[in-house]
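Let's take a friendly walk through this structure, one stop at a time. Could you have the sequence and the 3D view ready side by side?

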Amino acid sequence: MIKKFLLALAVALPACAFAQAPKFGVVDAESIIPKMPEFVEAQNKVNEASKTYESEYAKITEELQKKYAEFQELDKDPGTLQSIKERRMQDIQELDKKAQQFAQTAQQDLQRQQAQLMQPVQEKVINAIKTVGNENGYTMIFPEGVPAYVSADVQDVTPLVKAKLGIKD
């Protein structure tokens, strides 16, 4: 009886160990995200905001160039008082400072908008990766390109994640 039990245990143990072997995968999220409709929509919104900022900045720089051209004409006139020249130069410097501040604020706002719009896209990809991992019994799924070594046992789950998100190549 004990011999039969040990024989059954000897046969079952390797099978259990094989069933419990960790399963690893890699995913190329960088190839998935640009194909998502949500990503395209987010990029379009950021591009629209960028064009609006560029248009406003163009108006400010146009005004700055106009004032500078007027100042140059004024500066050539020997009859213009120095105090008037200094006041005009001060106006130009203030407008230039406003233009620089506007450009910096616009850039920060665009970065904030892009981060805010991309968060749901990234969360959707992460959730799809988690779902693929759970459904297919993966122990871990790594971003492609991060590990220093990948054995032949590691499977690329990018096609599974694309399918989960409804993305077709």
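Three elements, α2, α4 and β2 (140-143), each contribute at least two residues to the lining of the largest pocket. Of these contributions, the one from α4 is the greatest, at eight residues. Keep in mind as you look around that this is a predicted model.

How big is this pocket? The volume of the largest pocket comes to about 420 Å³. A total of 22 residues line the largest pocket, and those closest to its centre are V27, A29, I126, I129 and P143. If you sort the lining by class, you find 14 nonpolar residues, along with four polar and four charged ones.

Now let's move on to helix α5, which spans residues 158-165. Which of its residues are buried? They are T158, V161, K162 and L165, where buried means under 20% relative accessible area. Try looking down the axis of α5: the buried residues fall within an arc of 100°, so they line one face of the helix. Turn to the other side of α5 and you meet P159 and A163, which are exposed.

What do the buried residues of α5 pack against? Their partners are β1 (24-27), α2 (29-32), α4 (82-136) and β3 (155-156). You have already met two of these names, since α2 and α4 also supply residues to the lining of the largest pocket.

Finally, follow the chain just past the helix. After α5 comes G166, and the phi of G166 is positive, near 80°.

Conventions
Residues are numbered from 1 along each chain as its sequence is written. This is a predicted model: local features need pLDDT of at least 70, side-chain atom pairs count only at pLDDT 80 or more; totals for chains, interfaces and linings use all residues. Side-chain values use heavy atoms; hydrogens and water are left out. Buried means under 20% relative accessible area, exposed over 50%, partly exposed in between (1.4 Å probe, protein chains only). Helices (H or I, at least four residues) and strands (E, at least two) are DSSP runs, numbered from the N terminus. The arc is that of the directions from the helix axis to the C-beta atoms. Contact means heavy atoms within 4.5 Å. On a 1 Å grid over the protein atoms alone, a cavity is a set of points where a 1.4 Å probe fits but cannot get out, and a pocket is an open set with protein on both sides within 12 Å along at least five of seven lines; lining residues have an atom within 4 Å of a point. Grid points are joined across faces, edges and corners, and a volume is the space filled by probe spheres set on the points. Ala, Val, Leu, Ile, Met, Phe, Trp, Tyr, Cys and Pro count as nonpolar, Asp, Glu, Lys and Arg as charged, and the others, Gly among them, as polar.
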